[in-house]
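Me: I should like a close look at one part of this model, set in the context of the whole. Please give a single connected account.

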Amino acid sequence: MRVFVPRDAAARSLGADDVAAAVAAEAARRGLDLTLVRNGSRGMVWLEPLLEVETPAGRMAFGPMTAAEVPALFDADSGAHPKALGLTEALPWMARQTRLTFARVGVTDPLSLDDYRAHGGLAGLARAREIGPEAVVAEVSVSGLRGRGGAGFPTGIKWQTVAAAAGERKYIVCNADEGDSGTFADRMLMEGDPFCLIEGMAIAGLAVGAGKGFVYIRSEYPDAIAVMQAAVQIAREDGLLGPAFDIEIRVGAGAYVCGEETSLLNSLEGKRGVVRAKPPLPALEGFMGRPTVVNNVISLATVPVILAKGAGFYRDFGLGRSRGTIPLQIAGNVRFGGLFEAAFGLTLAEIVDDIAGGTATGRPVKAVQVGGPLGAYFPRALFDTPFGYEDYAAKDGLIGHAGIVVFDDTADMLRQARFAMEFCAIESCGKCTPCRIGAVRGVETIDRIARGDAAAIPLLTDLCATMKAGSLCALGGFTPYPVMSALTHFPDDFAPLKEAAA
Amino acid sequence: MTTGRADIAARVGEILRDHADAEGPLLPVLHDIQAAFGHIPPDALPMLAEALNISRAEVHGVVSFYHDFREHPPGRHVLKLCRAEACQAMGADALADRARARLGVDWHGTTGDGAVTLEPVFCLGLCACGPAAMVDGRLVGRLDAPGLEALLDGVAA
């Protein structure tokens with residue numbers, strides 16, 4: 001008998017370790033021969049800790065579980081357990097998804113290479129070795145895969161540039177500095193299917209001729225760091241990693257801006273995480289000045305399925321120039337929050353009202369911030385926007401890393417705009433003036449508006465235009481998105497003197 | 001108890017040797033030093049500069065750039081509260097106000113008895129089960145006012 005209790009950080013933050021300990025204790029008490037697997041999360045965070053029991057009919061889900069409810073699982077009719085949910089795969093949240101990148105997350109034992117192989121793992125790498133570097137780059141290009149970190153740059157073109165660059169030493173750098181609030185796909189993937197990322201990086205190394213890879217993981221993710229370190233060790237012992245291509249895990253140090261690729265490279269080199277001017281592109285002069293692929297976790301972890309099933313299979317999902325699937329991360333004030341992988345094209349209304357089930361508080365949705373702290377706040381009037389890179393850009397927004405943070409009607413959008421500027425001021429690397437000074441002035445200007453100074457509103461608009469056009473990277477350049485969207489779509493919150501007594 | 005200069009030199013020397021083959025070793029070295037001492041002792045900076053062939057100013061620049069690296073030892077417990085948007089949407093600001101009021105410190109402050117250091121964190125990746133916190137490395141999701149009070153009781157000693 002196999003029982004699954006996630007080791008995912010979200011599940012653990014909700015008591016999964018206690019549940020796992022209770023399972024082990026109860027099995028021992030009853031003298032049961034039971035295998036406890038600490039899997040990744042299925043992504044239904046509102047049901048965590050989600051325990052699963054393997055049966056001949058499939059895996060049965062129970063959640064959200066507490067340790068006290070564990071003993072009843074072992075009684076004759078576990079189907080009558082108060083937390084019984086039925087077959088995991090049949091739950092609507094699961095059944096509606098197209099899980100390509102996340103196919104194994106929550107299903108397998110994250111640190112079992114045998115499990116990984118048994119569920120289709122390493123098929124992509126095997127095909128990559130068969131077809132050779134040029135064909136691999138072509139396959140990734142044809143798949144239409146674009147950078148899932150947020151910038152949306154075509155992955156195939158980036159790989160082509162590095163492959164064609166001169167140089168004996170090249171690098172694959174995985175950007176796992178997932179700092180955007182509302183995002184946790186990288187974390188879930190690393191904790192739930194680390195070999196998938198390792199395989200993707202190995203394929204990238206083969207494609208561009210790189211012998212060394214780094215995974216730069218933010219320090220706020222201790223679980224992901226531990227799982228990736230263990231997985232790399234297992235992969236070395238297996239020979240999957242070795243002299244031809246090896247991976248080193250590096251840990252960030254709490255700087256949001258290091259999610260920007262050039263800042264990340266400086267950090268990796270042991271320097272302050274300041275942004276570099278481009279050109280030169282990291283593809284030509286990246287880590288230690290050598291040709292470097294810098295890709296997000298999800299981009300790299302999607303490569304194995306593209307290689308295994310073919311570029312055409314992947315490209316057939318999606319809309320417009322947004323091909324394939326996107327792991328939506330539904331967060332904030334929602335009834336049903338978690339990770340939902342689907343083809344591009346769902347509208348925000350479908351995501352927020354239907355999949356997320358509205359707010360956790362039961363109050364009306366006021367605003368949805370898409371794409372992290374640098375993403376725009378969307379009002380209900382824009383809920384018909386389909387999820388795609390160009391579609392969001394057309395509405396003065398961005399999909400970023402596909403984090404979706406829902407706010408109910410108690411949110412004060414002036415306060416949210418102020419926070420965006422405050423965050424930018426705290427996290428600015430300090431290299432360029434529009435970001436370093438602009439963010440501080442932005443906080444001051446919004447405080448003036450809050451005090452009733454309507455003359456400060458055009459000043460804020462002007463400041464945002466300067467930051468957007470003049471900043472060196474997306475931190476200063478995109479902070480205007482949350483600020484201006486809040487101002488544009490929720491003008492009442494910026495009205496001079498919100499007097500209660502008027 | 002303070003750590004003597006000789007102890008620092010010995011331990012930092014070991015850490016530097018551990019990373020002798022790494023490319024761009026300064027961050028891993030600093031993480032290990034902080035793990036060993038709870039902060040980055042000022043006496044370590046010249047050693048790092050010497051070993052890595054960079055100036056002391058550069059080492060100081062790196063230490064001071066990153067939020068994680070502390071120049072002073074923290075309290076006996078470290079409570080990190082998420083301040084980012086997803087947690088805000090679930091009431092993180094009110095929890096933060098409550099924590100600051102009860103502890104009598106602002107962000108980055110340590111209580112007078114040295115028991116608790118309060119730090120902001122911008123996202124722990126627990127955005128679908130916020131508000132989120134981290135207490136001495138342990139993650140806590142769906143924090144509410146009673147839960148916060150219990151956490152604060154737990155770290156009071």
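Reply: In chain A of this predicted model, residues 24 or more positions apart account for 72% of the contacts with a separation of 6 or more. The corresponding share in chain B is 57%. Of the 502 residues of chain A, 57% count as buried, and in chain B buried residues make up 40% of 157.

Chain A contains 20 helices and 16 strands. Its C-alpha atoms fill a box of roughly 75 × 65 × 40 Å along the principal axes. The radius of gyration of chain A is 23 Å, which agrees with the value near 23 Å expected for a compact globule because the chain has 502 residues.

The part that merits close attention is the surroundings of A:Val173. The largest nonpolar core has 216 residues, and A:Val173 is listed with A:Cys174, A:Leu189 and A:Ile198 as having the most contacts inside it. Helix H9 of chain A, residues 194-208, gives this core its largest share, 10 residues. Leaving aside residues up to four places away in sequence, A:Val173 touches A:Phe214, A:Tyr216, A:Leu265, A:Leu268, A:Gly286, A:Phe287, A:Thr292, A:Val293 and A:Val294.

One of these partners, A:Gly286, is found in the loop between helix H11 (261-268) and strand S9 (292-296) of chain A. A:Gly286 counts as buried because it has 27 C-beta neighbours inside 10 Å, where 20 or more are required. Beyond four places in sequence, A:Gly286 touches A:Tyr171, A:Val173, A:Leu265, A:Pro291, A:Thr292 and A:Val294. The contact between A:Gly286 and A:Val173 thus appears from both sides. A:Leu265, A:Thr292 and A:Val294 are partners of A:Val173 and also of A:Gly286. At a greater remove along the chain, A:Val162 lies 124 residues from A:Gly286 in sequence, and 9.9 Å separate their C-alpha atoms.

Further along chain A comes helix H12, residues 297-309. Its 13 residues should span 18 Å at 1.5 Å a residue, so the 19 Å between its end C-alpha atoms agrees with expectation. Helix H12 of chain A is mostly covered, with 12 of its 13 residues buried. The buried residues include the nonpolar A:Val297, A:Ile298, A:Leu300, A:Val303, A:Ile306 and A:Leu307, and A:Ser299 and A:Thr302 are buried as well. Just after this helix, A:Gly310 takes a positive phi of about 100°.

A second buried site in chain A is A:Ala342, which lies in strand S13 (residues 338-343). A:Ala342 is buried because 20 other C-beta atoms lie within 10 Å, and the cut-off is 20 or more. Apart from residues up to four places away in sequence, A:Ala342 touches A:Gln97, A:Thr98, A:Thr325, A:Ile326 and A:Leu328. A:Gly318 stands 24 residues from A:Ala342 in sequence, with 8.6 Å between the two C-alpha atoms.

The contact between the chains takes 46 residues from chain A and 34 residues from chain B. On the side of chain A that touches chain B, at least two residues each come from helix H1 (9-13), strand S8 (246-251), helix H11, strand S12 (325-332) and strand S16 (403-408). The residues of that side divide into 21 nonpolar, 17 polar and 8 charged. Helix H11 therefore has a place in two parts of this account, because it precedes the loop that holds A:Gly286 and supplies residues to the side of chain A that touches chain B, while A:Gly286 is itself buried with 27 C-beta neighbours inside 10 Å.

Chain B, the partner, has 7 helices and 4 strands. Their order along the sequence is α-α-α-α-β-α-α-β-β-β-α. The C-alpha trace of chain B spans about 50 × 35 × 25 Å along its principal axes. The domain assignment divides chain B into domain 1 (5-65) and domain 2 (77-155); the centres of these domains, taken over C-alpha atoms, are separated by 30 Å. In helix H4 of chain B (residues 56-65), the buried residues are B:Val59, B:Val62, B:Val63 and B:Phe65. The elements that cover them include helix H2 (26-37) and helix H3 (44-52) of chain B.

How values were computed. Residues are numbered from 1 along each chain as its sequence is written. Chains are lettered from A and ligands numbered from 1 in the order in which they are written. This is a predicted model: local features need pLDDT of at least 70, side-chain atom pairs count only at pLDDT 80 or more; totals for chains, interfaces and linings use all residues. Two residues are in contact if their C-beta atoms, placed from the backbone, lie within 7 Å. A nonpolar core is a set of buried Ala, Val, Leu, Ile, Met, Phe, Trp, Tyr and Cys residues joined through C-beta atoms within 7 Å. Domain bounds come from an automatic or database domain assignment. The radius of gyration is taken over C-alpha atoms; the globule rule is 2.2 Å times the number of residues to the power 0.38. The expected span of a helix is 1.5 Å times one less than its number of residues.
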